[in-house]
Amino acid sequence: MNSSHKLNDGTFQDGSLLVAEENGPSNGRSLTQANFPTTLPILPLRGLVVYPHTAVPLNVGQPRSIRLLENTDPQTGLIGLCASHNRDRALPGPEEIYRIGTIAAVHRQLRRQDGTVRMLVNGLNRFRIKTFVTTEPFLVAEIEPLPEDIRSTTQTEAMARNLVDMFMRLAEFVPSIPGDLLASSLNLEQPLQLVYTIATYLQLELSDAQKFLEFNSIAEKLGWLVRHIGKETQIMEMGQRIRSEAFGQMEQAQREYFLREQLKAIQRELGEADEREVEAQTFRSKIDEANMPAEARQEAERELSRLTRLPVAAAEYGVVRTYLEWLVNLPWTQTSTDNLDLQHARAVLDEDHHGLDEVKERIVEFLAVRRLREGRMVDTAVSSYRPDRLGAILCFVGPPGVGKTSLGRSIARAMGRKFARISLGGMRDEAEIRGHRRTYIAALPGRIMQMLRRTQSKNPVIILDEIDKLGADFRGDPASALLEVLDPEQNRTFRDHYLDVPFDLSEVMFITTANTLDAIPVALQDRMEVIRLAGYMESEKVAIAAQYLLPRQIHENGLLPDEIGVETAVLQQIIRDYTREAGVRELERQIGRVCRKVATAVAQQPDFAATHPQTITANQLPNLLGPARYQPDTAQRTRTPGVATGLAWTSTGGHILFIEAAKMPGQKGLTITGQLGEVMQESAQAALTYVRAKAEQIGVAPNFFDKHDIHIHIPAGAIPKDGPSAGITIATALASLLTECAVCEDTGMTGEITLRGQIMPVGGLKEKVLAAHRAGLKKVILPQQNEPDLAELPPEIKETLTFILAHTMDDVLQAALCTD
């Protein structure tokens, strides 16, 4: 029922309702065909439908609506009332209001001090809008009458009497409807006026109210009201029954509370205490419900027996009680049902991540194995399948920002499992994994058990983030503690130091992430299956930015999608000139800066209304992001003899290095600068030894080294560098210096050199090749033994770059030095 409405233009203010009187055409009588208007001003109603034969008070506050009232014919006072589709739209247009409405006569207008007008309108007839004549200064429409079928039959009379009885029954549950007003309203002889009066009292949704108005016959209206009121009456009766039962339960609870208090008083007089017994009984019930293994249950019952004997004030009481709470709240048997649908998994991974086809395929293979194993485990005849071996433990290795953690979250979503993340970066205490022993104050279980309790699932997906950044000190080695957690053969009986009972971790899917494998102990690497994420190509970054990063930054910065436009060429320029990374984090930050500039401009507009969408062009980037941070300088730096471009691989992805060599008068001296590690210094010495041994062959005077010193330098001296893969690059730079032949400006290289000029294979080839592609190189020299690694490269890389496989240093010099 409509006891109180809060509406604005064309709406109830206090929910009052008057029944239309029978004297005068403007007080309830219908218009005839002769005096039916052909055009009429239209007042849109927000959240309200006014019916014929009813009188309704309205408030009008919009200037357009007030002008409509001022221009209303003073003799007839007729206006058209039509409901708008969206009640939140202040000024609905012609396409935003319903075409069927009610002609109403305006009575008793009252202008208030705040400028609004309160008036009383009497609904007369239905009408249909044929077309709108004008929309300014207010809506005026050409209308046509919409007569109703009011033929009375025995069935309609029976339905009308039944409707009155049902409505009276429903009104008993709504005290806001006055009884005298209800009686006068229902004492009506005309069925049409009766149904409209009752419909006005009902709390109908706008769509239902409009549908009721559009019914053409009295029989349809009566039937719809009978069904609706019958349903509402059932709901009201059920609610009253629920309240009665609740009150009865409250009275019973109060009675039980009183009896318990009396029982406590009697027990105190007898020197007995029941609080601990109640608590002990609660723990017994939880132990039974937890379905613990035999050993864990035995330990819980033993500790519960201790708890019942300890006084509440004892120091150990809280320790034992906390221990029992941990035992009974662990998910000993609670699991999530796995969704091993491979098509669903592919769809989820493609939805969350662009590219990474090799990684996605490996994850789908992992799920396929899980599906096959679980299907085979059902067949008890296949005895070779062990249900406790659920698969390998995955380790995602790659530079920052390539989506390692989010891949784990996608796996959890694809399988329908709970997800938890544990950050291992900087962890030095073994107790963070295994837990503290209960002899310590404020002891707690380890992070693994805490996550299981938090997820309330025995088989969640747990991400162990940054496993390569574990530390170690006098408190222990967390990496050693993980040997048991990440071993499928051992974690079925994992013992947390705090709990000191075995817990089965074999159903947990552990996924670790790392930037590099160098810092992970070999024994721990052996327990994980490594999946490498090398990084993204420029085309992949553009697609990721367009599909994921840009929409996310538009939303986070409060913009609307139609307020900013960024073309693909602009994204490409941001990637080339403002980022140089394997992942996309810096790219997202730069896109966020652009969005914030646009958001600032929009926020300065009145009502935050942008005059037109702002399309970002390449010429605007210097103003938005500043001057370009990275310039292609490979050609300029290698134009001088003695400079070669090398390819390096670090924890942040692949990079290019410029290795410079210079000569000066001296006596066989060698200077190495650039904060090089021991391995790289040894590579430089080996390269110099090779060049000196081959001096005659490459055209260097035999006594050259007796009269000259050599200086080898790698710029970016503040960054430590190490590794053997720069050997052929250093040798090439020396050969270029001594022969005065520049290295080809579009050539990069990587490989380890021996004293006899043999080229040895190196690691991280995919990351290095991606770095060469980002830097705009066209030719890459690689060791012959790295040829199998080329199969892992994307087809786009293979089409763009030319790969030269070198077996000896002679092959390198022939391909690297420019002879023209």
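**Exercise 1. Arg 589 and its partner**

Task: In this predicted model, find which residue forms a salt bridge with Arg 589, and state how the two are placed in their helix.

Solution:
- Step 1. The partner of Arg 589 is Glu 586, and the closest N and O atoms of the pair are 3.0 Å apart.
- Step 2. That separation falls within the 4 Å limit for a salt bridge.
- Step 3. Both residues belong to helix H19 (residues 585–603), where they are three residues apart, so about one helical turn separates them.
- Step 4. Arg 589 has 49% relative accessibility and counts as partly exposed, because exposed begins over 50%.
- Step 5. Glu 586, with a relative accessible area of 16%, is buried, since the cut-off is under 20%.

**Exercise 2. A salt bridge between distant parts of the sequence**

Task: Determine which parts of the chain are tied together by the salt bridge of Arg 438 with Glu 299.

Solution:
- Step 1. In this pair the closest N and O atoms are 3.8 Å apart.
- Step 2. Arg 438 sits in the loop between helix H13 (431–434) and helix H14 (447–455), while Glu 299 is in helix H8 (residues 294–309), so the pair links parts that are 139 residues apart in sequence.
- Step 3. Arg 438 is partly exposed at 26% relative accessibility, whereas Glu 299 is buried at 15%.
- Step 4. Shared partners place Arg 438 and Glu 299 in one network of salt bridges with Arg 302, Glu 303, Arg 306 and Glu 316.

**Exercise 3. Asp 500 and Arg 495**

Task: Classify both members of the salt bridge between Asp 500 and Arg 495 as buried, partly exposed or exposed.

Solution:
- Step 1. The closest N and O atoms of the two residues are 4.0 Å apart.
- Step 2. Asp 500 is at 42% relative accessibility, hence partly exposed.
- Step 3. Arg 495, at 33%, also counts as partly exposed.
- Step 4. This pair belongs to the 39 salt bridges found in the whole structure.

**Exercise 4. Helix H2**

Task: Compare the span of helix H2 with the expected value, and name residues of H2 that are buried.

Solution:
- Step 1. H2 covers residues 154–171, which is 18 residues.
- Step 2. From its first C-alpha to its last it reaches 26 Å, close to the 26 Å expected at 1.5 Å a residue.
- Step 3. Its buried residues include Met 159, Leu 163, Phe 167 and Leu 170.

**Exercise 5. The chain as a whole**

Task: Describe the helices, strands and burial of the chain.

Solution:
- Step 1. The chain has 28 helices and 25 strands.
- Step 2. Of its 820 residues, 48% count as buried.
- Step 3. Its exposed area is about 40700 Å², with 50% supplied by carbon and sulfur atoms.

Terms used:
Residues are numbered from 1 along each chain as its sequence is written. This is a predicted model: local features need pLDDT of at least 70, side-chain atom pairs count only at pLDDT 80 or more; totals for chains, interfaces and linings use all residues. Side-chain values use heavy atoms; hydrogens and water are left out. Helices (H or I, at least four residues) and strands (E, at least two) are DSSP runs, numbered from the N terminus. Buried means under 20% relative accessible area, exposed over 50%, partly exposed in between (1.4 Å probe, protein chains only). Accessible areas come from the Shrake-Rupley method with a 1.4 Å probe; for residues, only the protein chains shown count as cover. The expected span of a helix is 1.5 Å times one less than its number of residues. A salt bridge is a side-chain nitrogen of Lys or Arg within 4 Å of a carboxyl oxygen of Asp or Glu.
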